[in-house]
Amino acid sequence: MTTHVRYDHYHYPREIDLLCPHCKNHSVAINENVPKEIEHFIDIANFEKIWDFKCIYCIKKYQVEWDDIQNMDLWYKINLKGVLIWAWNSKHLDMIIKKLKKEDIKNHSWVFFESYLNKNCLKKIKNKSDIGKLENMLKYRI
Ligand SMILES: [Zn+2]
């Protein structure tokens, strides 16, 4: 019997890079209930699903629940060739870039999220300049 446990569980990121809804700068939401070394956790983990939102630009700081995060814009989000590419955070984006460059990601801490990647994305985003746009986002949009 094969199990599909991996796909039955939803993975939540500990740290999320967001576009601040107040000043449109780079902000973050971090679930401080989750130890730092756990970069993402599954739905059955007992961690409380509360993230601390913080923007260093406009100094807004408050707690957000998962549903609130769904209504916020991600910082790492770009439309390339009609394909929306998004990442929860820089490490997630790093995995996507490596995957597009056909690098070995099997030991990458975000490899689980590979299955979330749109098939179109892998088909359409293969040239250097498109991948370069993602790399620049990682490099300069910090
Ligand atoms: Zn702000």
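User: In which sense do strand 3 and strand 5 pair, parallel or antiparallel?
Analyst: In this predicted model, strand 3 covers residues 26-30 and strand 5 covers residues 50-54. The two strands are joined over 3 bridges, and the sense of their pairing is antiparallel.

User: Which residue in strand 5 does Val28 stand opposite?
Analyst: Val28 falls within strand 3, which spans residues 26-30 and pairs with strand 5. Across from Val28, in strand 5, stands Lys54.

User: Which strands are the edge strands of the open sheet?
Analyst: The open sheet is formed by 5 strands, in the order 6-5-3-2-7, with antiparallel pairing. An edge strand here pairs on one side only, and this applies to strand 6 (61-65) and strand 7 (73-74).

User: Is Lys81 buried, partly exposed or exposed?
Analyst: Lys81 lies in the loop between strand 8 (76-80) and strand 9 (83-87), and has a positive phi of about 55 degrees although it is not a glycine. A residue is called exposed at 12 or fewer C-beta neighbours within 10 Å and buried at 20 or more. Because Lys81 has 13 such neighbours inside 10 Å, it counts as partly exposed.

User: Is Lys102 buried or exposed?
Analyst: Lys102 is placed in the loop between helix 3 (90-100) and helix 4 (119-124), and its phi, near 60 degrees, is a positive value in a residue other than glycine. Because Lys102 has 9 C-beta neighbours inside 10 Å, it counts as exposed.

How values were computed:
Residues are numbered from 1 along each chain as its sequence is written. This is a predicted model: local features need pLDDT of at least 70, side-chain atom pairs count only at pLDDT 80 or more; totals for chains, interfaces and linings use all residues. Two strands pair if DSSP finds at least two bridges between them. Helices (H or I, at least four residues) and strands (E, at least two) are DSSP runs, numbered from the N terminus.
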